[in-house]
Amino acid sequence: MTDLSDAELLALLRLQKVPQIGAINAKKLISKCGSAFQIFKERKTVLQKIDGIGDVAIKGLFGSEHHALAAKELVYIKKHHISCCSYEDNHYPDRLKHCIDAPILLFYRGNINLQNQKIISIVGTRNITTYGKSFIEEFVSQIAPLNPVIVSGFAYGVDIFAQQAAITHNLQTIGCLAHGLNQIYPKPHAKYTAAVEENGGFFTEFWSSSNPERENFLRRNRIIAGMSEATIVVESAERGGSLVTADLAHGYHREVFVVPGRYGDKYSTGCNNLIKQQKAHILTSAADVLYVLGWDVESEKSKTVQKQLFVELNETEKTIYHYLHSNGKQLLDTVALACEIPIFTLASTLLTMEMKGVVRPLPGKVFEAI
């Protein structure tokens, strides 16, 4: 379940448990000593010379109580066959490695494969509206041919709806938890765990002794933001955890997208504010994500799923193609009006046509025939 030796895993657990150390200083110690295990073999006078490591940190580091708790957790990990990865392992999310405050150790279960994967997170309010549900269903169906990994927090509302949509479209999905792997929160979501583990899995930095406390959710959000190439906020009130995730993603220099809403709508306020603060792109369809992230649709054509798409145009696609071929570059709204096709349907169809190599998106939601 892990490539780490028991001695190294125990040392990482000890590091993780000391509140005076933290992820940043833990990495400094590991870099200086060569491994977590070697830290506890080094002279204290040498460790004290490392920037940020003072007497209080040293005392906590070598405290017997932390060693005992780490040993107990190691027994639990071995007994329950929990998979672990340090920030230096290949199994650790690659983008998260580049976040200075990323956890030094993650626990996971399921069938997670992040190698060479496109990863996006979808977050938002617990009180998802019909509009939010409709957008997620349409967006995930549009993006599905690119086979991205959908990351979220397994919470009520937008989170679980996005992860269910991913499963529906046979996409890998990962739930980042704010507690140990010995429990599921919220409890009603236990019925979804098997499907998530079959189509992805769960990540957490928390031990089996950790409960879903408020501060844990805030810490959990940095994993969601850090491991993703982009964070998408579907709906949010003026304040909420999804806005924290968006701010973290922005701070990590990741792209943030938000679904805009009408002025005055309670669960659009947070999204609209991110747009006003210039912290997020407006998201109306999957084409926006493709353009901003620069995802190469052409390279996807070699994959089986794309070969299946490379077929004769259907009647709707022919109508769109002939209009663009005859009229040149056109705005998405103009195409929708001229061809009498709803925006959501048009955006999805254009994405399929792009993958077939017959249209290309341009800046400003403009499309042209190829």
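Which residue takes a positive phi in the hairpin of β11 and β12? Select Gly364: in that hairpin, with 3 residues between the strands, Gly364 has a positive phi near 80 degrees.

Before going on, note that this is a predicted model, in which local features need pLDDT of at least 70, side-chain atom pairs count only at pLDDT 80 or more, and totals for chains, interfaces and linings use all residues. Residues are numbered from 1 along each chain as its sequence is written, and side-chain values use heavy atoms, with hydrogens and water left out.

**Whole chain**

Show the whole protein chain. It has 19 helices and 12 strands; these are DSSP runs numbered from the N terminus, helices being H or I of at least four residues and strands E of at least two. The radius of gyration, taken over C-alpha atoms, is 23 Å, close to the 21 Å that the globule rule gives for 370 residues, so the chain is as compact as a globular protein of that length. The globule rule is 2.2 Å times the number of residues to the power 0.38. Along the principal axes, the C-alpha atoms fill a box of roughly 75 × 45 × 40 Å.

Colour by burial next. Of the 370 residues, 53% count as buried, meaning under 20% relative accessible area with a 1.4 Å probe and protein chains only.

**The sheet around the hairpin**

Select residues 359-362 (β11) and 366-369 (β12), two antiparallel strands joined by 4 bridges. Strands count as paired if DSSP finds at least two bridges between them. Leu362 stands opposite Val366 in β12. Add Leu331, whose bridge partner in β12 is also Val366. β10 and β12 pair in the antiparallel sense over 2 bridges.

The open sheet has 3 strands in the order β10-β12-β11. β10 (330-331) and β11 stand at the edges with a single partner strand each, so one side of each has no neighbour in the sheet.

**The largest pocket**

Move to Arg126, Arg220, Gly240, Gly241 and Ser242, the closest to the centre of the largest pocket among its 29 lining residues. About 690 Å³ of space lies in this pocket. On a 1 Å grid over the protein atoms alone, a pocket is an open set of points with protein on both sides within 12 Å along at least five of seven lines, and lining residues have an atom within 4 Å of a point. Points are joined across faces, edges and corners, and a volume is the space filled by probe spheres set on them.

Select α11 (214-227) and α12 (241-251), each of which supplies at least two lining residues. α11 gives the most, with 6 residues. The lining divides into 13 nonpolar, 11 polar and 5 charged residues. Here Ala, Val, Leu, Ile, Met, Phe, Trp, Tyr, Cys and Pro count as nonpolar, Asp, Glu, Lys and Arg as charged, and the others, Gly among them, as polar.

**The second largest pocket**

Keep α11 selected, since this helix also gives the largest share of the second lining, 4 residues. Add Gln16, Lys17, Glu205, Phe206 and Arg219, which lie nearest the centre among 22 lining residues. The second largest pocket holds about 500 Å³ of space, and its lining has 9 nonpolar, 6 polar and 7 charged residues.

**The cavity**

Finish with Glu73, Tyr76, Ile77, Ile82, Phe107, Leu181, Phe206, Trp207 and Ser208, which line the largest cavity. A cavity is a set of grid points where a 1.4 Å probe fits but cannot get out. The volume is about 50 Å³. Helix α6 (residues 64-79) gives the most to this lining, with 3 residues.

Key:
Buried < 20%, exposed > 50% of the residue type's maximum accessible area, 1.4 Å probe, protein only.
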